[in-house]
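Visitor: I would like a tour of this structure, one question at a time. Please explain each term as it comes up.

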Amino acid sequence: MRAVLRTFGELSITLGSIMLLFCAYLLWGTGAYTERHQVLLQQQLAQEATSPVRGDGKLDSIELGRALAMIRIPKLGVDYKYAIVEGVDAEHLRQGPGHYPGTALPGEIGNFVVSGHRTTYSAPFNRIGELRPGDEVIIDARQARYTYRVTSSKIVYPTQLDVIEPVPEQPGKRARHALLTLSTCHPEYSARQRLIVYGVLDRTHERRT
Amino acid sequence: MYGFIWRRLPGGVALKLGATLVLLGVLTALLWYVVFPWAEPLVPLDRVTVGP
């Protein structure tokens, strides 16, 4: 009897330790993966900036998994920058903030939608809840720097699909402005709701090539 | 369980301790690099997109 109890106790302690280690992995271990891929994605962007892609220069057919642009949010620190990857499947979001395929591209009329992790995988969107109306979100795309200004933020349920519409929350309406939508999970460490931050294009600074 | 493993380890206390550390290291690495990456998508944590 005593041996059984002792073994049970030991197994429980072991299981508990493994769970703790798993939490540590989620919070810090996953970040290593993101950082590795961010280096590659940012290299990809830098290379394309010096040797522009041939063609008509349009961005309308971006392969999933390719680097799309850099996102900078001055409010979250001068060093705050991530390469945005095309795609929002788990494999893409592990590498950094992901752009919803099919939504507008940076600077385009419509809704440029980007999702990012809040607590795992480097947690790029951990602090987007701190953004207030007027704060800048800078998107450095290949051809230009687009500066968006935050207009509002809200918390929705994950079933509310209309936040990614060309005009958010007004399905079917034709877009007339270049809008930005950031999304992440809410509350932190949860999958229950989503935190949404809206913005509108404020100015465009063309790059000389 | 741990008593049983300890008794099965060869050598004196020093060798047993060393072997324990190596075993722990191997186990941790296996968890960290193989089991956890596999288990991570199964945990409903940090879902960031909207969808039906």
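Visitor: How many residues of chain A are in contact with chain B?
Guide: This is a predicted model: local features need pLDDT of at least 70, side-chain atom pairs count only at pLDDT 80 or more, and totals for chains, interfaces and linings use all residues. Residues are numbered from 1 along each chain as its sequence is written, while chains are lettered from A and ligands numbered from 1 in the order in which they are written. Two residues are in contact if their C-beta atoms, placed from the backbone, lie within 7 Å. On chain B, 17 residues take part, and on chain A the number is 31.

Visitor: Which element gives the largest share of the side of chain A that touches chain B?
Guide: Elements here are DSSP runs, numbered from the N terminus: helices (H or I, at least four residues) and strands (E, at least two). Those of chain A that give two or more residues to this side are α1 (2-50), α2 (90-93) and β7 (178-186). Ten residues, the largest share, come from α1(A).

Visitor: By class, how many nonpolar residues does that side of chain A have?
Guide: Ala, Val, Leu, Ile, Met, Phe, Trp, Tyr, Cys and Pro count as nonpolar; Asp, Glu, Lys and Arg count as charged; the others, Gly among them, count as polar. The side of chain A that touches chain B has three charged and twelve polar residues, and its nonpolar residues number 16.

Visitor: In what order do the elements of chain A run?
Guide: Chain A has two helices and eight strands. Read from the N terminus on, the order is α-β-β-α-β-β-β-β-β-β.

Visitor: Which residues does UniProt list for "active site"?
Guide: The record is an unreviewed entry. UniProt positions are given in the numbering used here, feature names are shortened, and annotations may be inferred rather than shown by experiment. The listed residues are spread over 69 residues of sequence, yet they cluster in space, with a largest C-alpha distance of 7.1 Å. They are A:His117 and A:Cys185.

Visitor: Is A:His117 buried or exposed?
Guide: A:His117 is found in the loop between β4 (110-115) and β5 (136-140) of chain A. A residue is buried if 20 or more other C-beta atoms lie within 10 Å of its own, exposed if 12 or fewer, and partly exposed in between; C-beta atoms are placed from the backbone. A:His117 has 25 such atoms within 10 Å, so the residue is buried.

Visitor: Which residues of chain B does A:Cys185 touch, and where is A:Cys185 placed?
Guide: A:Cys185 is buried because 26 other C-beta atoms lie within 10 Å. Its place is in strand β7 of chain A. Not counting residues up to four places away in sequence, A:Cys185 touches residues of chain A including A:Arg118 and A:Ser190, and from chain B it touches B:Asp46, B:Arg47 and B:Val48.

Visitor: Which peptide bond is cis?
Guide: A:Pro187 lies in the loop between β7 and β8 (193-206) of chain A. The bond leading to this proline has omega near -15°. The cis bond runs from A:His186 to A:Pro187.

Visitor: Is A:Glu169 buried, exposed or partly exposed?
Guide: A:Glu169 is found in the loop between β6 (144-156) and β7 of chain A. It has a positive phi of about 70° although it is not a glycine. With 13 C-beta neighbours inside 10 Å, A:Glu169 counts as partly exposed.

Visitor: What percentage of residues 7-28 of chain A is helix?
Guide: UniProt, in an unreviewed entry, lists residues 7-28 of chain A for "transmembrane region". The end C-alpha atoms of residues 7-28 are 31 Å apart. Strand makes up 0% of them, and helix makes up 100%.

Visitor: How many bridges pair β6(A) with β8(A)?
Guide: Two strands pair if DSSP finds at least two bridges between them. Five bridges join β5(A) to β6(A), which run antiparallel. β6(A) and β8(A) also pair in the antiparallel sense, and A:Arg149 has A:Val200 as its bridge partner in β8(A). The bridges between β6(A) and β8(A) number twelve.

Visitor: What is the mean pLDDT of chain B?
Guide: pLDDT is the predictor's confidence in each residue, from 0 to 100. In chain B, 98% of the residues reach 70 or more. The mean for chain B is 90.
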